[in-house]
Amino acid sequence: MDEHKETLRVGSAVRRRRRQLELTLAVVAERSGLSVPFLSQIENERARPSSRSLQRVADALCTTDVELLAAADPARTVEVVRADDDTDLDTSKPAARVRELARGHHQLHALEFIGDHDEGREFQHRNDELMYVVEGGVEMEAEGRAYRLGRGDSLFLTGGVRHRWRATVPDTRVLVVAVGDHIEAVDDGGR
């Protein structure tokens, strides 16, 4: 095995799959022949299953070990996106560009919007989102209320809030950071 290869956190994939099937740890333990504490340790990244154990867990979850590994989160990722790296720019509208600042399947998404975009498009994301105006200005409509944001202003939206926005100044730059849609939001009851 290449020591420079990224270690995968398979526990996150096991937990997502188990919850998707609405199974308890006890049911997976019974189906796999593994103990509840060991399965809990796997899901919480405190234990790494052997190939055989992972295969038994996958069978219990009606999937394959290959699928679980493919859905696993990377344990450590360091990625640099340079300012002049325009490989992800959407150039369909020259006055508007979108650039991914974190590529791949991660727990959060980060996008840079430069210029204007389709102001008529309404968004509604499953999870929380933060919008930060780096340069310029933005008019935002969220849940029927209008907001004007300028340089340095930010707006936080909880998951499910319908919103749309448009740049009010040429060459406006907006940073949007959102929790990935594949992440299951947790309602802590206190908010």
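These notes cover helix α4, its packing, the nonpolar cores and the loop residue G159 in a predicted model.

1. Buried side of α4. The helix spans residues 51-60, and S53, L54, V57, A58 and A60 are buried in it. These residues lie on the same side of α4, because they cover an arc of only 160 degrees around the axis. The elements covering them include α1 (10-20), α2 (25-32), α3 (36-43) and α5 (65-71).

2. Opposite face and end of α4. S51, R52 and D59 are exposed and sit on the face of α4 turned away from its buried side. After the helix comes C62, which has a positive phi, near 55 degrees. A reader checking backbone angles may want to look at C62 with that sign in mind.

3. Crossing of α2 and α4. The two helix axes come within 8 Å and cross at roughly 115 degrees. The crossing is right-handed. On the α2 side the contact is made by V28, R31 and S32, and on the α4 side by R56, V57 and A60. By class, the contact residues of α2 and α4 are three nonpolar, one polar and two charged.

4. Largest nonpolar core. Which residues touch the most other members of this core? Among its 17 residues they are V10, V14, V28, L39, V57, L61 and L68. Two or more residues come from each of α1, α2, α3 and α4, and α4 gives the most, with four. In soluble globular proteins, nonpolar side chains tend to be buried together. V57 and V28 appear both in this core and in the contact between α2 and α4.

5. Surroundings of L68. Leaving aside neighbours within four places in sequence, L68 is in contact with V10, A13, V14, R17, L54, V57, A58 and T63. Of these partners, L54, V57 and A58 are among the buried residues of α4, while V10, V14 and V57 are listed with L68 among the core residues that touch the most other members.

6. Second core. A separate nonpolar core has 14 residues, including F113, V133, A142 and L157.

7. G159. This residue lies in the loop between β8 (154-157) and β9 (163-167). Is G159 buried, partly exposed or exposed? Its relative accessible area is 32%, so G159 is partly exposed. Beyond its neighbours within four places in sequence, G159 is in contact with H125, R126, N127 and D128. V179 is 20 residues from G159 along the chain, and their C-alpha atoms are separated by 8.9 Å.

Note on methods:
Residues are numbered from 1 along each chain as its sequence is written. This is a predicted model: local features need pLDDT of at least 70, side-chain atom pairs count only at pLDDT 80 or more; totals for chains, interfaces and linings use all residues. Side-chain values use heavy atoms; hydrogens and water are left out. Buried means under 20% relative accessible area, exposed over 50%, partly exposed in between (1.4 Å probe, protein chains only). Contact means heavy atoms within 4.5 Å. The arc is that of the directions from the helix axis to the C-beta atoms. Axes are lines fitted to C-alpha atoms, for helices over the stretch in contact, and angles run from 0 to 180 degrees between N-to-C directions. A crossing is left-handed if the near helix is turned anticlockwise from the far one by less than a right angle, and right-handed if clockwise. Ala, Val, Leu, Ile, Met, Phe, Trp, Tyr, Cys and Pro count as nonpolar, Asp, Glu, Lys and Arg as charged, and the others, Gly among them, as polar. A nonpolar core is a set of buried Ala, Val, Leu, Ile, Met, Phe, Trp, Tyr and Cys residues joined through side-chain atoms within 4.5 Å.
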